Each structure stands twice: as C-alpha cells, then as structure tokens.
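User: I have a protein model open and some questions about it. Can we go through it piece by piece?

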Amino acid sequence: MKKSRAIIVLIVLVLLLGGLGYTATEGIGTDRSGSASDIKLGLDLAGGVSITYQAVGEEKPSSEDMADTIYKLQKRVENYSTEAVVYQEGDDRINIEIPGVTDANAILAELGKPGSLYFIYETDEDGNANYQATMDASGNVVYMLTKDIDTIVAEGSAPLSGTDVKDAQAATATDNMNNSEVVVDLTMTTEGTKKFADATTRAYKKGETLGIYYDGQIISAPRVQAALTDGKAQISGNFDYESAEQLASTIRIGGLKVELEELHSKVVGAQLGGEAIATSIKAGLIGFAIIVVFMIAIYYISGVAASLALTLYAELIIILLNGFDITLTLPGIAGIILSVGMAVDANVIIFARIREELAEGRTVKTAIDIGFKKAQSAIIDGNITTLIAAAVLAVMGSGTVKGFAYTLALGIVLSMFTAMVVTKLIMKAFFALGLTNPKLYGVARERKAVQFTKKKAVFFTASLAVIIAGFVFMGVNKAQTGNPLNYSLEFVGGTSTSVTFNEDMSLADIDSRVVPLIENITGDGNVQTQKIDGTNEVIFKTRSLTQEERESFKDAMTDNFEVDGEKITAETISSTISNEMKQESIVAVLVAAVFMLIYVWLRFKDVRFGASSVLCLLHDVLVVLTFYAVAKVSVGTTFIACMLTIVGYSINATIVIFDRVRENMRSMSQKDGLEPIVDTSITQTLSRSIFTSLTTFIMVAMLYIFGVTSVKEFALPLMVGILCGAYSSVCIAGSLWLVLRKCFAKKNK
C-alpha cells in the first residue's frame, strides 16, 4: 500500500513538473504563449512608455517645486508599476518612464493634466451658477461648468487650488448609524487650512456644494455639512474602495505644485536589451544544473529529492510572478537568486540533521522525521527574519525596492513550502519504494570542534581594518572626484543625448559599435541605451557631460555613423532616485533591522542574539561598501538591490548558527563556559554555511560570467557579499554574542 502511494506521488510529481515545465519555459519576454512569457518585465528588461511633460507658466518653476512635483508624480505612477521612474529633464521638464506599457495615450488619458486642480463655489457672488448637475446617457449625475475655468478663477470663485492640498487618501469611517463606509480623507496645507475654512464657511451658510475641478471637469461636488476649520475633511458617497482611491489619487496628482502639459510621448525599448534577459536565463540554467549535480553528489538520494523540489520551486515562482502580476527587473532577479539560495539552505539544514540522526543509529524513517522536525525552527526563524525585511521594504520602500521586496517575499514563502513539504514528501516516497539503506542518505561523521572563538581578536581586527580602509578609500575618492563612491546617473543625474541614426540599429549593434565610443569619451562604463519604437532614434544616458565632451560625442556620431549633427540633442537629466526615495530606502532598512532584532529577541529570549545578528548584518554591508569604494564599481539601482540581498542573506546565515547554540545550551554542559558550546555549534553547522554559500555563489558567479556589463556590476559585489556573509556568520557572530553576553551580563540575565 505504501509502495503504491509512493509511486503515485512520484508519478504526480513528474506530471506536475512536466506540465509546469512546459508552461514555465516558453520564454520570458518573448511573444510565445505560456506563463513565463506573460511576466511583466521592467523598463530595464523590456522597455515601456516614456512621457515628457513641460511646466506651464511664464516663470520657470523653482527647483524645490520641481522636486516636490517629481516625488508626488513618482507616487502616482507607481500605481501602474513599482518600477516606474520619474526624473527632471532640463530646467522645466519632467520625464516619466513606465515599464510594461505600450499605449502612451491610455496613460496620458488617465494621468490627465497634472497640477490643474481647483475647488469651485457652486455659485458666484451674484448667485449665478458656476456649475450645475446634469444626467449623462447612463443616467448618472455629472456636473458641468457653466463658465470657462479661467473666468471662474478670475472672478474669485475658485478659493483653493491643488497646491493647497497636502494629502488625499482613501479610508474607512463610521457614519451616524454606526455603519462603516468608504470615504476620501483630505488634509490641507497650513496656508490651505485658512482658505478651506473660509470656503466651507461660505458654502455651509449657503447650503451649497464645493466642486472639485480637475482637467476639464468636476470630479466631485460634495455638499458642505459644516464649516471645517482644522484643515481636514471627508468626502463621503457611494464609494467602493477602488473608486475612493481613484478619486484620492486624482486629487493628489491634480494638486502638484507645478502645472504640467504633455510635450511628447514615445515607446522606448529595454535599457539592458534582450541580451541581458537571454544571458541571465542562460546563467540561471547553468547555475541551477551545477547545483543539482552538487546536491546529488553530496547528499545522494536526499540530493535527488532536493533537486526535484528545487525544480518545482523554480517553475512555481515563474508562474506565481505572473499570477501576482509582479514586475520583474534586475533587482527582482536578485530576489529570486536569494530565495533560490535560501531554498537550497533549507534542504542543507534538513539533510545535515538527518545525517546526524543516522550517525546516532536511528533508522532512515525515524531519521527523516526527526531531521525535518529539528531543522524546522532554524528554517522558520531564518526565513521569517528575511520575510520581515521584505515586508518592511514592500510597505516603506519605493520603486525598485518594492519590486525586490515582492519577489523576495514570494520566493521565501515558496522556498519554505518546497523544502519542508515537497522535499519531505519525495523522500518518504523514495523510502517507501525500498531505498532504506542509510548509506544512500549519508551518515554524519563526528568532527572535532574548531576553536573559532579563541581567534576572535584576529577576526575582529581584520574586519575593522577592512571597514576602516573602506572609509579611507571613500575619503580619497571624495577628495579626487567629489563623491565617495562611483555614483551612476540614477543617483546623481547626468546627460541624456538623443541620436537619430541613418539605419535601424539593433541593441546588439549599439552595444558593440556605439557604446564603446561613448565609454571612451566619458571614461565610464555606465552608459544606458533606449531605442525609440518605430524610429531610428536612440537615447544614450551617461554621466553629466561637459561642453567639450558633448562636442566629442557629436563628432564621434557624425564621423563613424554619418549622423546628421543637427539631429543630435542633449539635455541634463536629474537622478531617477530622488532624495526622498533614498531616505525612504534607508529608513526602511533601519526599520527592518529593528523588527528583526525584536523578533530574534522574542524567539531566543535574549536580546544579545538579536544584537549580534544585526551587527553582523551591518558588518557585511560595510565590507561590501568598502569593495564598492576600492573597486569603484558603479553605484546605481543595482547597488540598492545588492545591499538588500546581502541584508536578507546575512541575517539568515547567522540565525542558523544561533539556533544550534540555543539547542546545545540545553543539552551540553556549561561548566567550561560557553565558548565550547559556540565552537561546537559553529562546527556542526559548518557544512551548511559552506554549502549554502557555495550554491548561492555559483548562481551569482554564472550571472557574472555570462552577463552583460550592467549585470556584471551587480553580480561582482554580490559575490563579495555572499563570501562576507559566510565569514561573518562563522567567524564573528558567535564570538560577538559571547562578548555582548559578557559585557551585558547583569542587565540581561
């Protein structure tokens, strides 16, 4: 009976893998059918829509107003994609790039005319209507202006404009009958509070509505039921949450400080090109194949089970990326890589436990059951700490940070499921089929504990030396170039140069023939290219170019490609990562660290475990930062993804060791102190630390070997971070915990 059930399990698994494999391997980003081809790709991988707005008005807007407008627009367009970017072009233009979209007109229709919001009295001073209610063809009440908007403003019948609105959000409230209803909460600025108080006082006395006008029409005309003097109001009506959020979002974009009008829109190609996708897939497949061979060679039957579970994991994550409508970008690929590493990690922890049980003479069946049970706490704690980081980043982060967080969170949940459920199911099926010899699973050998803690002074000194060297190099770089790191145009802005070639050049030709010429001029490998769909125009984004470099750029294009020099235009562009986005990312990481600290404290009943974990995390980030400073690797959006990957990877590695320390404290004698317990725990988990780091390193190394330049700049620091994470968890974490325990013994008994 058990044997037949095992056969059924394996048959179902093979059929599932085959069906999923057909669906998942139909080609990401291609025009073939299948779940993989339906995945939304980011601007860097697939292109999208680029819309350029220009400020309206006789005077140029201030830099502060432009920055505020860009930030608010960024929040608005993230409704279309978390990977959408907004940046300044020239003095009075704003460019929006939204990935995965090919209909610019649809976006323009929905965005409307930013910065054109007014609050309008229902009647003017003479009692004449400024707008009135009518019925549309569907029988819905709509409000139509009876005068031109400019006339209404000139007559003083528009007491507030969009700049007087500080915020608008959909919310739920309780009405007079104690029923819950969806509303839109409005908050006014300090200046707008006084205007709003006067406007609502007048409207309330007259028993009128106060219309909200945006982009040519009245979008809401709520009746004023009281004079509102605190700058806050609620718009109620027959809203569902979606319609309330739409109204709130429209009010926010209409309330931009700068009024904008569309200058032009176009469909742009991928920044990294199809080659980046192809090479990333190739690297992933080769890396995955190496990991499968490695797992089988090291863990035998267990390795076969893990490989089947990992294959299912890889296919499921592709399907779920499509199912959850997550936009996949280069940072998103980072999240997948990390979650693959953690999926392997969970299996390695389990298999090490099974081998330990077999070494104690237990049967294979008992060893499997106990091994999974004992590994559970380490897997759950390690993954939940990373999941906490992903959740905080998803809520508080913006742009690519959100995309990374969504992908990572999905991967973590899925990796835990495949490791703890699917792998166990397959192993039990193999056992039921007669594979009961312990030699097929491997038996652990007892190792003498390595005395890591006795060398803590050496490890601490080496780490401090590297971190201090990093700050020294950053100081030198600051003196030489004005920046401590090699910031890319995503951080500091640069120059956008538009070139119209005489032929429709492919991205591969552009990368091989044009980009090297530009790199020779700039002395910088950070060159982004975008093709304009349906034309021969290509946009090159580089660091800021001097006038001399712009002339050299033009000469290179005319001399090598006979381009018409009059069709080459260059504009200064702002960073796509605003100061607010930088601050949000930093705050999100800090908040995530605090929550991880609290979680570890509660789980381990000792805040020093959490403090040690967070300090190791900080150590790894600073060491990788040192590498960026010394190697002068370009710091762009991939930098954020790299650091976030290291944060998730580092905390997971440390938790596994601390879980074993906690267990050994209950079973081992403490008469010789805690050092032997820590050393034993590190030694017992050493194979896990090495194998997990090795498998994740292999995946990233394949990206570096086969990837394009931008992918290599992401993969190289990540490899350093993986090695550093293994080093800190093995050589520093335990010793640091001992030091904190000694220093804070009285306060934390």
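User: Let's start in helix α6. How far apart in sequence are E191 and K195?

Analyst: They are four residues apart, about one turn of the helix, and both lie in α6, which covers residues 190–206. Keep in mind that this is a predicted model.

User: And what do the side chains of E191 and K195 do?

Analyst: They meet in a salt bridge, with 3.6 Å from N to O. In general, side chains of opposite charge can pair when their charged atoms come close.

User: Is E191 buried or exposed?

Analyst: E191 counts as exposed, at 55% relative accessibility. K195 is partly exposed, with a relative accessible area of 28%.

User: Which residue does D198 form a salt bridge with?

Analyst: The partner of D198 is K194, and the N to O distance is 2.8 Å. These two are also four residues apart in α6, so about one helical turn separates them. K194 is exposed at 54% relative accessibility, while D198 is partly exposed at 40%.

User: How many salt bridges are there in the whole structure?

Analyst: A search of the whole structure finds 24. One of them joins the side chains of R353 and E663, at 2.5 Å from N to O.

User: Where do R353 and E663 lie?

Analyst: R353 lies in helix α10 and E663 in helix α19 (residues 637–667), so the pair ties together parts that are 310 residues apart in sequence. R353 is buried, with a relative accessible area of 3%.

User: Which residues are linked with R353 and E663 in a network of salt bridges?

Analyst: E356 and R660 are linked with them in that network.

User: Staying with α10, what does N347 touch?

Analyst: N347 is found in α10, which runs over residues 330–359. Leaving aside residues up to four places away in sequence, N347 touches M295, A306, L310, A419 and T423. N347 is buried, with a relative accessible area of 2%.

User: New topic: helix α20. How many of its residues are buried?

Analyst: Seven of the 10 residues of α20 (residues 675–684) are buried, so the helix is largely enclosed by the rest of the structure.

User: Which residues are those?

Analyst: The buried ones in α20 are I677, V678, D679, T680, S681, I682 and T683.

User: What about disulfides, how many does a search find?

Analyst: It finds zero in the whole structure.

User: Why does C616 not bond with C724?

Analyst: The sulfur of C724 is the closest cysteine sulfur to that of C616, but the distance is 9.3 Å, which is too far for a bond. A disulfide needs the two sulfur atoms within 2.5 Å. C616 is buried, with a relative accessible area of 1%. Another cysteine, C731, is buried too, with a relative accessible area of 11%.

User: Last one, the open sheet of four strands. What order are the strands in?

Analyst: The order is β7-β4-β10-β11, and the pairing is antiparallel. The edge strands are β7 (160–161) and β11 (217–220), each of which pairs on one side only.

User: How many bridges are there between β10 and β11?

Analyst: Strand β10 (residues 210–214) pairs with β11 over three bridges, in the antiparallel sense. The bridge partner of Y214 in β11 is Q217. As a general point, strands of a sheet pair through backbone hydrogen bonds, either parallel or antiparallel.

Key: Residues are numbered from 1 along each chain as its sequence is written. This is a predicted model: local features need pLDDT of at least 70, side-chain atom pairs count only at pLDDT 80 or more; totals for chains, interfaces and linings use all residues. Side-chain values use heavy atoms; hydrogens and water are left out. Buried means under 20% relative accessible area, exposed over 50%, partly exposed in between (1.4 Å probe, protein chains only). Contact means heavy atoms within 4.5 Å. A salt bridge is a side-chain nitrogen of Lys or Arg within 4 Å of a carboxyl oxygen of Asp or Glu. Two strands pair if DSSP finds at least two bridges between them.
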